[in-house]
Every structure is written in structure tokens, then in C-alpha cells.
Amino acid sequence: MPELPEVETARRITESTLVGHALMRVDLRLPKVLRDSPIESTEPLLGATVIGARRRAKVLMVDFSNDLTWMIHLKLAGQWAVFTPDGQRYVAGHPVPSPTGDYPHKSTHATLTFDDGTLLYYSDIRQFGWWRIMPTADVQTSLEAFAHGPEATGELDAVTLGAVMARRGIPIKTLLLDQSFIAGLGNIYVDEVLWRVRVHPATPANAVSTVKRNAILREIPLVMAEGIRQGGAKIVHNVAYPVDGFPAVHGREGEPCLRCGTPIAKLRVGQRGTYICPKCQKETRA
Ligand SMILES: [Zn+2]
């Protein structure tokens, strides 16, 4: 958390509420968010109008009219909350601060004010998130340094990606979390994909059958689309609150499998808390 659907939700909120508005004021209380920023201050953004919001993998980019771009990574616990003058709230990312509570919260590190009175609150209880401000012309080069694989939201090339899977002996879950393999998948959605296709997350990637490999690649964009449709998975303090049966396994330890009723189990795969149905997802050895 936040994963691709949450970041895409933040992008959509930005597009619908901030585009066309000039940034008038930034109250930044955690200067270290700019630790790796080519431009070390938000000052150059003041007075400029937001002209677009883009996303690549889990990186959010806000483009300004003065040819500068504000790049944001929410990392483990970032939250993006926009309050518009008509009293509406639009919140994406981590569930803390509570979207219905008081802002700014003690973990709100920045408040941005736009010319129509719209407020953007950036919060991050873990403080791993970062901002980078740079000329828009430098964005592409900056993104290339991440070596992102294909977008998890798009159609995935089963031949190319399947060939990589067939060569790698690491757990399938670990491979799917590798952003250079497929960009945007995180812990919650990998668990969801593997439950849907009935593959144990510790199965070596090269021991997954061709049929299952293709099924995994087919399900990834479907799971992403469902996450985006819901504005992100509802998971608070590691407990899921599924909507329309989604997410089906992550954060549901001890709850019945939605397919067979077996209690969902929690284990660790590649250091990550992982949820499975022990009956639907049997481990396969290489
Ligand atoms: Zn099951």
C-alpha cells in the first residue's frame, strides 16, 4: 500500500480537481521529502497552473504550465487528499489519516493551496515517500532510471513475460513484485492474482505451468482494473474490508475463502506477509 490502483486514483483525483488551477501556496513541514529532488524547493511551482497528471507504475507526475513537473512517490504509506471549495473530499492512498477525520493530521507533511481555494494534503505516517521537482523535459530520463517493466494495467506480452518466468527459479510472488518485470503490482494485488489462478505464491516461477503462467498474465490487468474501479483496496491496519469480494485474500487471515470456505492463511514469502487459501493454492516444488 499504496499500489498502482491507489496511485492511479490519486492521478484521477488530481486530473479532475487540480488541472486548470494555479498553485498559490505550499506549507511543507517535512523538507526531507525533497531529499533527492533536482530542484530543491517548491518555490518555482508557485503561480504556475496544473496542466496535467500522469502516472508511470507507482510514480505520480503533476505537470505545471511553466514546464516544471512535480514527481511524487507515495511509497508505503503516502496519502493524497484533495478538499474542494464545495466541501467534497477526494482521498487516495494509505487509510491514515482517516479520510473522514480532521486535516491537517499530525502526519500531514504538506498543505498546498490552489487559486480557487482547493487544498491538497500530503500525508505519510512512515515518511518513506518522496517528491522530485524537475523540468518536464527531464521526466522521461528520470523515469528510465527506474527501469520499469510493462504496466500492470496494460495488455501483457505473454510470450516475452512467460519466457522470463520459465527461466527464473525464484518464488512466483517475488518475481511478480519485481517492478522491472511488471510495473505497478504490489503485495495486495499479487496475492489477489495468485488466488484467482490457484497458484501458491512460493511456487518457483519456472515450475508454474504454461497454462497458469498465461492465466496470471491475463488476470493481472483485470485485478488492476478492479482495484482502480474501487479507488483502491479497502485495507485498514492490515485488515481488508472487501467490496464485491475484492480483495479476496489479502488482509483476510482466518476468514473463509470466497471460493471454498477454507480459512485464509497468512505466511511469509520473500519477507512479505502473504495470504493464501491453503486448499485452492497448493505448493508446487520445482
Ligand atoms: Zn479456497
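In the predicted model, nine residues of domain 1 are in contact with 10 residues of domain 2. The principal contributor to the side of domain 1 that touches domain 2 is helix 1, which gives five residues. Classified by residue type, this side of domain 1 comprises five nonpolar, one polar and three charged residues. According to the domain assignment of the chain, domain 1 spans 4-144 and domain 2 spans 158-276. The centres of domain 1 and domain 2, taken over C-alpha atoms, are separated by 29 Å.

Helix 1, formed by residues 4-17, also lies across strand 5 and strand 6. With respect to strand 6, the helix runs at about 150 degrees.

Strands 5 and 6 belong to an open sheet of five strands, arranged in the order 1-7-8-5-6 with antiparallel pairing. The edges of this sheet are occupied by strand 1 (23-28) and strand 6 (89-93), each of which pairs on one side only. On average, and with direction ignored, neighbouring strands of the sheet are turned by 15 degrees against each other. In general, the strands of a sheet pair through backbone hydrogen bonds, in either a parallel or an antiparallel manner.

The pairing of strand 5 (residues 78-83) with strand 6 involves five bridges, and the two strands run antiparallel. Within this pair, Val 82 is placed opposite Tyr 90 of strand 6. Strand 6 is thus described by its edge position in the sheet, by its bridges to strand 5 and by the helix that lies across both strands.

Conventions. Residues are numbered from 1 along each chain as its sequence is written. This is a predicted model: local features need pLDDT of at least 70, side-chain atom pairs count only at pLDDT 80 or more; totals for chains, interfaces and linings use all residues. Two strands pair if DSSP finds at least two bridges between them. Helices (H or I, at least four residues) and strands (E, at least two) are DSSP runs, numbered from the N terminus. Axes are lines fitted to C-alpha atoms, for helices over the stretch in contact, and angles run from 0 to 180 degrees between N-to-C directions. Two residues are in contact if their C-beta atoms, placed from the backbone, lie within 7 Å. Domain bounds come from an automatic or database domain assignment. Ala, Val, Leu, Ile, Met, Phe, Trp, Tyr, Cys and Pro count as nonpolar, Asp, Glu, Lys and Arg as charged, and the others, Gly among them, as polar.
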